[in-house]
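Visitor: I would like to go through the terms used for this model one at a time, and to hear what each of them rests on.

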Amino acid sequence: MSQPLAILGGTPRFPEPLHVGRPNKGDREQFLARVGEMWDRNWLTNDGPLVREFEAAVARESGVPHCVAMCNGTIALEIAIRALGLSGEVIVPAYTFVATAHALQWQGITPVFCDVDPVTHNMDVRSVERVLSPATTGILGVHLWGRPCSEELQGLADDRKLPLLFDAAHAFACGTETKSVGNFGRAEVLSFHATKFVNAFEGGAVLTRDPDLDRRMRLMRNFGFAGFDNVVHVGTNGKLPEVSAAMGLTSLEALPEIVATNRGHHARYRAALRAIPGLAVMDYRDVPRHNHQYIVVEVDAGTFGLTRDELVTTLQRENILARRYFFPGCHRMAPYRDDPSRHVRVPLRVTERLCDSVMLLPTGTAVGEADIDAICEAIRMSRDSAEAIRQTLRRTTA
Ligand code: T4K
């Protein structure tokens, strides 16, 4: 006998909130041993030995010669954008986390939004072509959900002689048959935020094959210092602390286990949700190397019987904190919504549909198989009780 839904008077399935984005941490003792050594060494930040070890490990994993670790993915984006000399206008997808656009706007560069592909959720190359202008100085692609962008983008960038940079915040340890993430475009930016596949509390990195870019980004990360008292470049503070590198290394050591867990969870969700009309789980089987970090579900309200928002509310009452990524869309957020003609020059139909239909479900090493079964049961029951849920929601919001 199934437990009644909390929104219809039952007890929440989970006594504590089940989050999207619980950290993948790795071995506690390993982490504490690293922190102990750091403590004794008295070297806490600024290009310390743990940061160097972390950079080498990330570069190795990505098959890239250069990795510059940074304090977070946003600063890493800002530094990479600056190191590439971008200015004027840069094309970005509207369907991404807002940091992608903010990293440009923060430096007085205008993000111009393009639409995304309905299947991959990555930049639609035709839409990029349509927003190119004489002021365009670069393209900032996003490998959303870890799925590498189409190589067509590189062709377009080459034709127009524009630098191509990638926000690869979701895409560490992902790749195509022939290329690992880190080897696309001029540079690629990773995030090691606590919610990411590999975490360093806060952290980021830029991967590149270009030694000159590597050298300049290292200077920019540390105020432009080339030795004591010698500033040779404009810079900021983008340094990754040693304690973050200790976490990053520990989490990275657990990479095979994290991928295996994520892969298993993804398969379990897909098997359970496949049979429910109106739901589509993003599939990664066509991506040769993938971290399976995100369970991305599109809700077709007409067929499912509830809108995405009604379903998310229903799940939240169960303490299942499903998330609406990337609601409401960068173009509908400040400051971009306040100056639409500057940022939005083509219809963003797919972006708008996804912003209103996508939800993310909990996964990762903190989630168990029984949790997934309970989440899927709650979703199945939500569909079966759609009419009663809608009436309840109408009553409570009236
Ligand atoms: N580009 C893309 C495509 C990105 O997705 C991101 C970041 C970036 C660039 C920028 O990289 P970073 O500068 O962040 O390195 C977030 C994260 O702050 C952000 O890192 C992430 N993307 C974005 C998609 O999500 P929130 O507001 O959802 O995160 P937060 O901190 O509220 O955490 C979400 C949930 O995760 C919490 O409700 C509970 C759980 N959680 C979180 C933390 C921090 C934990 O269980 N433990 C924790 O320690 O924005």
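Guide: A pocket here is an open set of grid points with protein on both sides within 12 Å along at least five of seven lines, and its volume is the space filled by probe spheres set on the points. In this predicted model, the largest pocket holds about 680 Å³ of space by that reckoning.

Visitor: What makes a residue part of the lining of the largest pocket, and which residues are closest to its centre?

Guide: A lining residue has an atom within 4 Å of a point. The largest pocket has 38 such residues, and F97, H193, T195, K196 and Y325 are the closest to its centre. Two or more lining residues come from each of α3, α4, β7 (187-191) and β12 (358-361), with α3 giving the most, three residues. By class, the lining divides into 17 nonpolar, 15 polar and six charged residues.

Visitor: Why is the ligand said to sit in the largest pocket?

Guide: A molecule sits in a pocket if more than half of its atoms lie within 2 Å of the grid points; the ligand is assigned to the largest pocket, so it meets that condition there.

Visitor: Which residues of the shell around the ligand are the closest?

Guide: The shell has 23 residues, of which R22, T74, D167, S191 and K196 are the closest to the ligand. Both α3 (73-83) and α4 (99-105) supply at least two residues to this shell, and its members divide into seven nonpolar, 12 polar and four charged.

Visitor: How do you know that the pairs between the ligand and H170, H193 and V20 are polar contacts?

Guide: The cut-off for a pair of N or O atoms is 3.5 Å. An oxygen atom of the ligand lies 2.9 Å from an N or O atom in the side chain of H170, and for the side chain of H193 the corresponding distance is 3.2 Å. With V20 the partner is a polar backbone atom, 3.2 Å from a ligand oxygen, and each of the three pairs is therefore within the limit. As for cover, the ligand on its own has 900 Å² of accessible area, and the protein covers 74% of it.

Visitor: What lines the second largest pocket?

Guide: The second largest pocket, with about 150 Å³ of space, is lined by I75, E78, I79, R82, Q107, M220, V234, G235 and T236. Four of its lining residues come from α3, the largest share, and the lining divides into four nonpolar, three polar and two charged residues.

Terms used
Residues numbered from 1 in each chain as written. Predicted model: local features only at pLDDT ≥ 70, side-chain atom pairs only at ≥ 80, totals over all residues. Heavy atoms only, no water. Near = heavy atom within 4 Å. Polar contact = N/O pair within 3.5 Å; in protein donor to acceptor, adjacent residues only side chain to side chain. Areas by Shrake-Rupley, 256 points an atom, 1.4 Å probe, with all protein chains shown as cover. 1 Å grid on protein atoms, 1.4 Å probe; cavity = no way out; pocket = protein on both sides within 12 Å on 5 of 7 lines; lining within 4 Å. Nonpolar A, V, L, I, M, F, W, Y, C, P; charged D, E, K, R; others polar.
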